[in-house]
Amino acid sequence: MLVFDDINHEVIEDTLNKVAEEFALYGKQSKGIELSFSGGVEVFYQEDEIVKLFNRADHKLYYAKHTGKKKIVFDIDV
């Protein structure tokens with residue numbers, strides 16, 4: 001889990017894309033295998049319960065994994 005404080009969407013996306021690139025590079029160079037990175041991004045609202053926040057982020061993570069991997073999901077269009 002990564003927590004960003006008061007940062008806009010583009011900064012989060014750029015940061016997570018860099019994490020994904022470094023993760024893939026680590027897998028290739030250090031382990032000789034292909035590693036991929038997927039993520040679900042969720043916004044914390046003051047009235048949120050932590051469990052609900054994690055559940056929403058987790059739902060987005062699994063959506064990313066089941067729709068092609070190697071992606072960061074901010075919103076799910078259902």
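Here is a short tour of the chain in your viewer, from the overall fold to its largest pocket.

**Whole chain.** Keep in mind that this is a predicted model. Start with a cartoon view of everything: you should find two helices and two strands. Follow the chain from the N terminus and the elements come in the order α-β-α-β. Now switch to the C-alpha trace, which spans about 45 × 25 × 20 Å along its principal axes.

**Contacts and burial.** Next, look at how the chain meets itself. Among contacts with a separation of 6 or more, 41% join residues that sit 24 or more positions apart. Colour by burial and you will see that 19% of the 78 residues count as buried.

**Surface and charge.** Turn on the surface, whose accessible area is about 6300 Å². Carbon and sulfur atoms hold 52% of that area. Then select the charged side chains: 10 are positive and 15 are negative. The centres of these two sets lie 10 Å apart.

**The largest pocket.** Finally, which residues lie nearest the centre of the largest pocket? Select Leu-2, Gly-40, Val-41, Glu-42 and Ala-57, and you have them. They belong to a lining of 27 residues. The elements giving two or more residues to this lining are α1 (9-31), β1 (39-40) and α2 (50-66), so colour each of them separately. Of the lining, α2 supplies the largest share, with six residues. The volume of this pocket is about 850 Å³.

Notes. Residues are numbered from 1 along each chain as its sequence is written. This is a predicted model: local features need pLDDT of at least 70, side-chain atom pairs count only at pLDDT 80 or more; totals for chains, interfaces and linings use all residues. Side-chain values use heavy atoms; hydrogens and water are left out. Helices (H or I, at least four residues) and strands (E, at least two) are DSSP runs, numbered from the N terminus. Buried means under 20% relative accessible area, exposed over 50%, partly exposed in between (1.4 Å probe, protein chains only). Contact means heavy atoms within 4.5 Å. Accessible areas come from the Shrake-Rupley method with a 1.4 Å probe; for residues, only the protein chains shown count as cover. Lys and Arg count as positive and Asp and Glu as negative; His and the chain ends are not counted. The place of a charge is taken as NZ of Lys, CZ of Arg, CG of Asp or CD of Glu. On a 1 Å grid over the protein atoms alone, a cavity is a set of points where a 1.4 Å probe fits but cannot get out, and a pocket is an open set with protein on both sides within 12 Å along at least five of seven lines; lining residues have an atom within 4 Å of a point. Grid points are joined across faces, edges and corners, and a volume is the space filled by probe spheres set on the points.
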